[in-house]
Amino acid sequence: MRPLRRGTNLSRVAGFNEAVVIDAVRTAGDGLSRVEISEQTGLSAQTVSNIVRRMLESGLLLEGDRVNQGLGKPRTPLTLHPGGRYAVGVHLDPLVTTIVLVDLRGEVAAHVQRPSPAHADPVEILADIAETVPSLVSGAGVDPELVAGIGLASPGPVDTASGTVLDPPHLRRWRDVPAVAELSARIDLPVVLDKDVVAGVIGERWTGATIGQANSLFLYLSTGIGLGIALDDSILRGSAGNAGDIGHLVVDDNGPACTCGLRGCLGVTLSPGALVERAVAERLLSGTHLDAVRSSDPAQVDTSFAALCALVDAGDRGALALVDGASVQLTKAITTLAGVFDTDVVAIGGPTWLRLADVLLPRLRELVPLGLGRRAGHKPVAVVGTALGESAIAIGAACLVLDREFAPAVSAIALEH
Ligand SMILES: [Zn+2]
């Protein structure tokens, strides 16, 4: 249980207090009464009453039926109104572009996914997204007025301040693309951009595997490997929005050579292409799969990686041993990161994870406690799989918008002063 954010009874920070109330109600699950909100947030009964009234009027909260509780005063639970606001999330990915519409609870109301053509012009892709969003909203029967904005999640590096996708190694042709400006010019909604792993950690906190956890990590295993970081209930973005670059964390001293000059960096050891290369070297897959890896075409690499995963699913001993080796390497990364950030929970997602989770998760749950050893003053570190499946980053991208509007960020106080 995390310590809940405490509110302040100063009227000039009403926006912050509203967010504190939403946060308390959202993470409570089956609702809170006004008295319980007041107890949990430290806000006065009068302040809570005023905020709740405004939020009932604006459709953000729902009031349940009065429940009699013995001799005490009847309790009227308040819950988030899922249809009170919506947000659109877009995941720009080397393989597929995913667009979702989520409600205030982060539940997916509409979803569309299409291949990301390797040679498509980024501006064309953004124009296509701008065309798709209104039909996604109307197709779900949602009033466009209730859509709070669009969150874009891209592989890093990004410049969040200017909304620019800088130079992601795995997203071809995306070089210095002013994604927020391009999208904003085509659609009348606020647009925000963040790195995919930032969206990932926010999505899991809002509606996924780490709801209510103040300290959590989100490890994203895809073409690239990155980390989303939540510390003390705040998202750690870093100076330019690119915190979480863990690709050069060494997990195997004898591993493949990396462009950085070291061997066995996480990014070149556990990427789908690296796993396929290892499978070819161990004669689990034919040499033709090396051509796919060397082509650097994400779709071809994915096909070869799927062939390796099929061997794992079929119980091939060599393939299982290869994945077991990967779980040892992953354990090195997780124990290092959990130690650095003193976190309670590590959630893992991404396409590599989703295909191998059945084999990896039980092993990680054995290995991570062993790797951490006895650590005085530390809590055990839970390893969990994403609760949001293959759309985790897109859902997280939509939650970027919800988080900006409705999470009690300390920066919101500074802004309102
Ligand atoms: Zn490296």
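# Exercises on a predicted model

Asp344 is placed in the loop between helix H11 (317-341) and strand S13 (345-349); helices (H or I, at least four residues) and strands (E, at least two) are DSSP runs, numbered from the N terminus. This is a predicted model, in which local features need pLDDT of at least 70, side-chain atom pairs count only at pLDDT 80 or more, and totals for chains, interfaces and linings use all residues. Residues are numbered from 1 along each chain as its sequence is written, and side-chain values use heavy atoms, with hydrogens and water left out.

## Exercise 1: Asp344 and its loop

Task: Determine whether Asp344 is buried or exposed, and which residues it touches.

Solution.
- Step 1. The classes are buried (under 20% relative accessible area), exposed (over 50%) and partly exposed (in between), with a 1.4 Å probe and protein chains only.
- Step 2. The relative accessible area of Asp344 is 18%, so Asp344 is buried.
- Step 3. Contact means heavy atoms within 4.5 Å. Leaving out residues up to four places away in sequence, Asp344 touches Gln213, Asn215, Lys379, Pro380, Val381 and Ala382.
- Step 4. Asp342 also lies in the loop between H11 and S13. Its relative accessibility is 41%, so Asp342 counts as partly exposed. The phi of Asp342 is positive, near 50°, although this residue is not a glycine.

## Exercise 2: the length and packing of helix H4

Task: Compare the expected span of H4 with the distance between its end C-alpha atoms, and state which elements its buried residues pack against.

Solution.
- Step 1. The expected span of a helix is 1.5 Å times one less than its number of residues.
- Step 2. H4 (residues 122-139) has 18 residues and should therefore span 26 Å; the end C-alpha atoms are 25 Å apart, which agrees.
- Step 3. The buried residues of H4 include Ile125, Leu126, Ile129, Val133, Leu136 and Val137. An α-helix has 3.6 residues a turn, so residues three or four places apart point the same way.
- Step 4. The buried residues of H4 pack against strands S3 (86-91), S4 (96-103), S5 (108-115) and S6 (147-154), and against helix H5 (179-184).
- Step 5. At the N-terminal end, Asp121 caps H4, with a side-chain oxygen 3.0 Å from the backbone nitrogen of Val123. Just after H4, Gly141 has a positive phi of about 70°.

## Exercise 3: the zinc site

Task: Identify the protein donors of the zinc ion and state the geometry of the site.

Solution.
- Step 1. Donors are N, O and S atoms within 2.8 Å of the metal (3.2 Å for Na, K and Ca); water is not among the atoms, so sites may look incomplete.
- Step 2. The protein donors are His248 (ND1), Cys258 (SG), Cys260 (SG) and Cys265 (SG), at 2.0 to 2.3 Å from the zinc ion.
- Step 3. Four donors count as tetrahedral if all angles lie between 85 and 135 degrees. The angles among the four donor atoms are 101 to 123°, and the site is tetrahedral.
- Step 4. The spacing of the donor residues in sequence is H-x9-C-x1-C-x4-C.
- Step 5. His248 is partly exposed, with a relative accessible area of 47%, whereas Cys265 is buried at 0%.

## Exercise 4: a cis peptide bond

Task: State which peptide bond is cis and where Pro157 is found.

Solution.
- Step 1. The bond from Gly156 to Pro157 is cis, with omega near 0°.
- Step 2. Pro157 is in the loop between S6 and strand S7 (158-159).

Technical notes:
A polar contact is a pair of N or O atoms within 3.5 Å; within protein, one must be able to donate a hydrogen and the other to accept it, and residues adjacent in sequence count only if both atoms are side-chain atoms. Four donors count as tetrahedral if all angles lie between 85 and 135 degrees; four count as square planar and six as octahedral if opposite donors are over 155 degrees apart and all others between 65 and 115; anything else is irregular.
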